[in-house]
Amino acid sequence: MFTVGKGRMDGLRQSSVLHRALSRPSSAFSSSDSTKTCGGPLYLLAIDRYLRDLEFSAHFPQATSASDCLYDVTLSDGHCKIRASLHPSLNRLAERNELRSGCQLRRVTFAPAAAETGEEGGCRGYHVVSLEVHREAGVAAGLAAFSAVQVDAIPWYGVEGDGQPRVAPLRARRCCYLPLWNNVGLRGEVWSKAPPSDSDDTPPPSWTRDLQPVALSKLRRAFFSGARPRPGALVVRVLRKSHLFHYGRPDKNCECPYQATLEVADATAQAAVVLWNSLCLDWYRSLEPGLVLRLRNYRVKESYSSRTVETEISLNSRNPAAAITVIPEEEQQRRWKLPALTFNFLNSSELAGCQGDQRCDVIGLVTFVGRPERIRAKGHGTGEFLQYRWLTLEDGTGDHPITVQLFATSQPDLQALIYPMSLLVCTNLRVVQTAPGPSMLYLTNTKFTQVYGTGEGWHHTGRPYRKLPAVKRFLQWVDTLRDEDILSQSAVGGYFTFPQLPAALEQFLKEGEGDAPVLSASELRREAERLQYRERRRFAFQGTVMAVGHSGVHGSSAALGTSPRSPPTALWSAQRSPEIPILPRFPRSSLVASCPAGGSLKRQLGDKRSDWELQRKRTPLQRGQQAAPEADSGCTLWEATMEFLHDGEEDASFSASYSTASTVVSSSGPKWSESSWAGGRLGQSGIAMETLPLKCSYERREVQTAAVGLQPGRLQQTLPDEKLHTFATAACYEGHYTFTIADLGKAVALQTVFIPASPGNWHWPPLPESHDNSWPAVLAHGGFSPSSAPPAPRDLLATAGRLTNRRMVFVIDMCQLGSDRLELVLSRAFPLST
């Protein structure tokens with residue numbers, strides 16, 4: 001633990017190992033021996049990412065890097081701190097999340113920056129050219145060392161008094177930093193939450209009475225006729241808002257390479273308004289669908305990016321400098337006849353009949369929030385990733401939940417509030433139909449997808465969709481539910497895949513699933529080494545099964561999981577607990593019939609019924625099942641529905657964990673010995689906590705969301721690694737199997753996890769295809785038959801010997817969990833005929 005006082009510089013020099021190392025005299029600052037190494041421990045307080053530019057070779061003359069990005073780091077020994085750029089040769093440590101906020105560093109070597117960029121905010125610039133990450137310490141070392149320190153109060157090295165260095169990229173002319181893990185989000189204080197206050201275009205009161213705007217249809221006719229009249233003021237309503245588009249390139253020096261599109265309309269036509277460059281910083285966050293805008297000083301172009309409009313209104317900060325004015329509702333004139341926002345809300349039952357590529361809006365009760373994962377963006381080089389999460393929503397209709405693959409929408413604050421029990425609205429989604437049947441249908445983003453959820457800030461308040469019949473029907477259904485019933489069948493994080501793969505190898509190869517048909521051992525190892533943090537890819541691999549194990553659940557209170565840094569446990573035996581029920585997917589008609597109207601409201605106002613009475617009122621479970629444990633208190637669906645009330649008044653329609661046991665597999669199965677294996681290995685022994693779905697803890701929802709989320713870039717936002725282990729697994733988790741697989745040449749062994757789908761499991765339902773529950777059938781279908789009870793794990797393990805020396809094509813889902821931790825989940829295994 002450090003203490004930061006207000007002592008003089010002499011005291012700082014004596015106490016700070018960082019200050020002493022950097023202040024050590026050198027004969028010539030530009031000479032090759034001018035590097036300075038700090039031997040004492042340093043801690044990473046912050047890490048920031050940005051796109052390099054044409055000056056890259058001037059800053060790093062002999063550096064070669066496959067990445068288009070650079071990183072700046074803030075380091076401290078607890079007594080002073082410094083911002084420095086990371087040498088590109090160390091980028092890989094950041095990309096795999098080995099170099100992360102809170103980690104402890106040793107033998108950090110600094111080199112001076114080039115003379116022309118050496119002064120940054122009053123202090124000399126440095127590169128970090130080499131370092132060692134103390135892996136065993138993890139982030140716990142940094143959190144413990146700075147637990148009683150106000151990080152912002154630590155003085156900067158080389159800055160006099162209370163001065164602050166410039167908060168901007170050090171080695172490129174970029175206006176701001178990028179988010180660590182995607183290019184779509186917002187990062188930093190440069191993104192204004194309100195319209196610019198120093199605008200020279202602020203009109204006087206009642207100015208709209210005499211405003212005669214130019215009609216969009218007239219503007220379009222003039223443009224396509226070849227005339228170039230002087231454009232007048234436009235008055236339009238924003239209909240849709242796109243996510244941010246970062247178009248920066250390493251071979252361009254554009255300082256603020258951002259673009260955003262607004263689809264707007266007046267009484268005569270629609271158009272696309274494109275915000276360019278620094279206008280995005282000033283206006284993007286404050287412009288929302290439904291606002292009415294006056295636009296002046298624009299350029300008219302033909303639109304090539306929009307599928308619905310032909311005209312593009314281009315707004316830039318110069319040549320000419322665009323003028324944007326938000327017209328308050330009280331100043332809007334009826335004679336403008338601006339169109340209202342329109343929505344196309346579809347429920348689960350209606351989605352079942354949709355065709356692929358159809359656009360829609362949905363509202364639902366969130367029951368599952370997946371962990372954030374990343375995939376490489378196609379056609380954008382090696383440095384851009386798309387970040388997404390899987391969500392499941394319930395709306396009381398249909399036989400299947402609404403499944404959404406939600407990518408980043410440039411709403412990081414709102415997306416951070418998505419967790420079970422949220423009432424979520426997603427607009428402008430696209431239907432994806434991978435195969436016939438509603439169980440193979442899901443929704444995903446379009447360019448204009450926006451999300452609105454319940455939580456701090458009352459994000460549904462004032463939204464025009466609140467009065468729609470579809471929304472009111474949904475809220476009436478929500479008013480019949482009980483919080484405990486929802487939480488008992490909710491989950492957060494863990495491995496999840498959708499839609500399910502086919503059960504035949506021929507169909508799998510025909511549909512082109514995965515990133516390559518079948519990889520060799522060397523190719524698979526090369527692809528695994530190439531993965532970046534939370535990047536997920538799917539590969540096919542030919543080999544044989546060497547060992548099979550099973551891990552079940554038992555106990556009633558402890559959190560389940562093997563710590564990523566705990567001693568490895570290769571194979572696990574069956575430990576099935578009769579106390580853990582196989583819960584059905586969220587019931588509908590039976591739930592509404594069994595729950596009193598306004599149940600949550602009654603509990604909020606003081607429900608005096610006994611625990612036994614409350615237990616009897618729960619959702620009926622299948623015969624032989626037990627009720628789920630009591631959920632966290634302190635949440636209520638009633639509070640969530642209050643955000644939909646109009647003008648703060650109540651609408652008339654609103655009437656009243658576990659532990660694992662591990663041993664070696666029965667000798668009847670395939671043989672495997674880690675100590676005698678001479679080949680290479682991929683994967684990890686046991687199962688990572690990141691792979692397991694967690695029981696929703698509503699009272700600790702912010703902590704749980706952060707624990708399953710991506711690594712933050714600031715020490716103040718970082719949680720200990722062990723925080724994830726304080727949550728119990730969800731009721732849908734019933735254990736898993738472990739498969740050790742070797743390639744045909746016995747060059748590499750894959751340690752994989754297999755989580756079979758099972759009948760009655762609301763999170764992992766099986767394919768609707770019956771089979772005999774033998775190992776070949778279970779592996780080909782990804783789970784057990786839906787028409788019969790699953791076999792006991794011990795009985796299934798007793799037949800594992802039949803898999804020995806049998807050639808199979810394995811479909812592996814691979815995810816890099818950070819540092820050297822690689823998750824390998826066995827999704828399918830197809831036996832090959834002789």
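Is Asn-277 buried or exposed? The legends below take up this residue and several other places in a predicted model.

**Figure 1. Asn-277 has a positive phi without being a glycine.** Let us begin with the opening puzzle: Asn-277 is buried, and its relative accessible area is 17%. Its phi is about 55°. Look for Asn-277 in the loop that runs between strand 12 (270-276) and helix 7 (278-283).

**Figure 2. Met-421 also has a positive phi and is not a glycine.** Here phi is about 85°. Met-421 sits in the loop between helix 9 (412-415) and strand 21 (423-433). With 3% relative accessibility, Met-421 counts as buried.

**Figure 3. Phe-110 and Tyr-126 make an edge-to-face pair.** The structure holds 26 aromatic pairs, and this view takes you to one of them. The ring centres of Phe-110 and Tyr-126 are 6.0 Å apart and the ring planes meet at 75°, so the pair is edge-to-face. Phe-110 belongs to strand 5 (residues 104-112) and Tyr-126 to strand 8 (residues 126-133), so the pair ties together parts that are 16 residues apart in sequence. Phe-110 and Tyr-126 are both buried.

**Figure 4. Five aromatic residues form one cluster.** To find the cluster, look for Phe-368, Trp-390, Tyr-442, Phe-496 and Phe-498. Phe-498 deserves a second look, as its peptide bond to Pro-499 is cis, with omega near -10°. Pro-499 itself lies in the loop between strand 23 (491-492) and helix 12 (505-510).

**Figure 5. Asn-319 and Pro-320 are joined by a cis peptide bond.** Omega for this bond is about -5°. You can find Pro-320 in the loop that links strand 15 (311-315) and strand 16 (323-327).

**Figure 6. Arginines lie over aromatic rings in two places shown here, over Phe-448 and over Phe-385.** Arg-240 lies over the face of Phe-448, and its distance from the ring centre is 4.4 Å. In the other place, the charged end of Arg-374 sits over the ring of Phe-385, at 4.2 Å from the centre.

**Figure 7. Cys-175 and Cys-256 are not bonded through their sulfurs.** A disulfide is a covalent bond between the sulfur atoms of two cysteines. How many disulfides does the structure hold? The count is 0. The closest cysteine sulfur to that of Cys-175 belongs to Cys-256, and at 3.2 Å it is too far for a bond; the cut-off for a disulfide is within 2.5 Å. Cys-254 is in no disulfide either, and its nearest cysteine sulfur, in Cys-256, is 6.9 Å away. Cys-175 counts as buried, at 18% relative accessibility, whereas Cys-254 is partly exposed, with a relative accessible area of 26%.

**Figure 8. Helix 10 has a buried side, and its other face carries exposed residues.** Within helix 10 (residues 469-478), the buried residues are Val-471, Phe-474, Leu-475, Trp-477 and Val-478. These residues cover an arc of only 155° around the axis, which puts them on the same side of helix 10. A simple rule helps you to read this picture. An α-helix has 3.6 residues a turn, so residues three or four places apart point the same way. On the face turned away from the buried side of helix 10, look for the exposed residues Pro-469 and Arg-473.

**Figure 9. Thr-74 is a buried residue of a strand.** Thr-74 belongs to strand 3 (residues 69-76), and its relative accessibility is 8%. Which residues does Thr-74 touch, not counting residues up to four places away in sequence? The answer is Tyr-43, Leu-44, Leu-45, Ala-46, Lys-81, Ile-82, Arg-83 and Trp-156.

**Figure 10. Thr-729 is a buried residue of a loop.** This loop lies between helix 18 (701-708) and strand 27 (736-743). Thr-729 has a relative accessible area of 2%. Thr-729 and Met-689 are 40 residues apart in sequence, and in space their C-alpha atoms are 9.1 Å apart.

**Figure 11. Two stretches of the chain have pLDDT below 50, residues 3-8 and residues 648-668.** For the protein chain, the mean pLDDT is 82, and 78% of the residues reach 70 or more. Beyond near neighbours in sequence, residues 3-8 have 7 contacts in the model. Counted that way, residues 648-668 have 66 contacts.

Terms used. Residues are numbered from 1 along each chain as its sequence is written. This is a predicted model: local features need pLDDT of at least 70, side-chain atom pairs count only at pLDDT 80 or more; totals for chains, interfaces and linings use all residues. Side-chain values use heavy atoms; hydrogens and water are left out. Rings of Phe, Tyr and Trp (its six-membered ring) pair if their centres lie within 6.5 Å; planes under 30 degrees apart count as stacked, over 60 as edge-to-face and the rest as tilted. Helices (H or I, at least four residues) and strands (E, at least two) are DSSP runs, numbered from the N terminus. Buried means under 20% relative accessible area, exposed over 50%, partly exposed in between (1.4 Å probe, protein chains only). A charge sits over a ring if NZ of Lys or CZ of Arg is within 6 Å of the ring centre and within 35 degrees of the ring normal. The arc is that of the directions from the helix axis to the C-beta atoms. pLDDT is the predictor's confidence in each residue, from 0 to 100. Contact means heavy atoms within 4.5 Å.
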